[in-house]
Amino acid sequence: MNEEDDIHDSLALFHATNDLDHWRNFLLGFLAKYGALVDVECHHVNNGWPSLTGPGLASLSDNLLDVVLQRLEECEKEFHQKWDTSDGYAAMTDFSKILIIVCRKYENIALVASCEYLRYMVPLVEYAIKQICSSDEALRTNSAAFITHVCYFVECMYDPCHLWRRQNKNLPPSKEHLRQRQAMLSQEVVPFFYACMQESSWVSRSRANLHTTVVNMLGDVMVGSKEIAMLMCNHPSHGQISFLSRLNFVQGET
């Protein structure tokens, strides 16, 4: 049995038995094979390397996206009972890594966006924000890592070629930009961004450089599509708060 078969079989066994040992075996194999695609620091952009390309859906386990969605739904429903721990945030970060890997294949993005992962991830990030200033170092570190990975997942959906980051480095668009297929804007995204802006004090108190993460997430979403940028700037959830003034405030913290 080869490595690919081991990964598929481990996920199938988890799906059939709900035995977390099988999930851990799947995760170890999957991240060992594709983990380099989870480039949250965008080293490939900073170093001028080509964009990383993920696996096609045909090479993935049939029910992978369904399993991740079910697990995130479980996290959101049972958060305070089971997941509001350093280990819980580490596990949720692993779910985010899987989605990032799948989104590094542009043809997969529309399907991932249609699965409503952000419906469950956004409330979980809001919980994680509350732990950023925790006195528990492991809890603080893992909650920050979860936020960072969710933000990067959003970047990969809405600006998969990282035009925003390339512009900031004065780099030309990658050749892959010609076939870029960013996701349609999810209804959870805009209120989430404005919540980050209105509660921006949490990024300034963080030791995890999350203020830069938030700015990059916003920039990627707005640069990826003119239509999405207009929706962001005109969304009714901003109330009396100027979007650009809040963005400038957060950028001032970088």
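The following exercises, each with a worked solution, concern a predicted model of a protein.

**Exercise 1.** Determine how many helices and strands the protein has, and what share of its residues counts as buried.

*Solution.* Begin with the secondary structure: the protein contains 15 helices and zero strands. Next, consider burial, for which the cut-off is under 20% relative accessible area. By this criterion, 49% of the 254 residues are buried. Finally, turn to the surface: about 12200 Å² is accessible, and carbon and sulfur atoms contribute 51% of that area.

**Exercise 2.** Establish which residues of helix α2 are buried and which helices are included in their cover.

*Solution.* First locate the element: α2 spans residues 20–34. From first C-alpha to last, its 15 residues reach 21 Å, close to the 21 Å expected at 1.5 Å a residue. Then list its buried residues, which are W23, F26, L27, G29, F30 and Y34. An α-helix has 3.6 residues a turn, so residues three or four places apart point the same way. Lastly, identify the cover: it includes α1 (3–17), α4 (64–77) and α6.

**Exercise 3.** Describe how helices α6 and α8 cross and which residues meet there.

*Solution.* Start with the axes: those of α6 (residues 86–103) and α8 (residues 117–129) come within 12 Å and cross at roughly 145°. The crossing is left-handed. Now list the residues in contact: on the α6 side they are Y89, M92, S96 and L99, and these meet Y117, M121, L124, Y127 and A128 of α8. Sorting these residues by character gives eight nonpolar, one polar and no charged.

Terms used. Residues numbered from 1 in each chain as written. Predicted model: local features only at pLDDT ≥ 70, side-chain atom pairs only at ≥ 80, totals over all residues. Heavy atoms only, no water. Helix = DSSP H or I, 4+ residues; strand = E, 2+ residues; numbered from the N terminus. Buried < 20%, exposed > 50% of the residue type's maximum accessible area, 1.4 Å probe, protein only. Areas by Shrake-Rupley, 256 points an atom, 1.4 Å probe, with all protein chains shown as cover. Axes fitted to C-alpha atoms, helices over the stretch in contact; angles between N-to-C directions. Left-handed = near helix turned anticlockwise from the far one by under 90°. Contact = heavy atoms within 4.5 Å. Nonpolar A, V, L, I, M, F, W, Y, C, P; charged D, E, K, R; others polar. Expected span 1.5 Å × (residues − 1).
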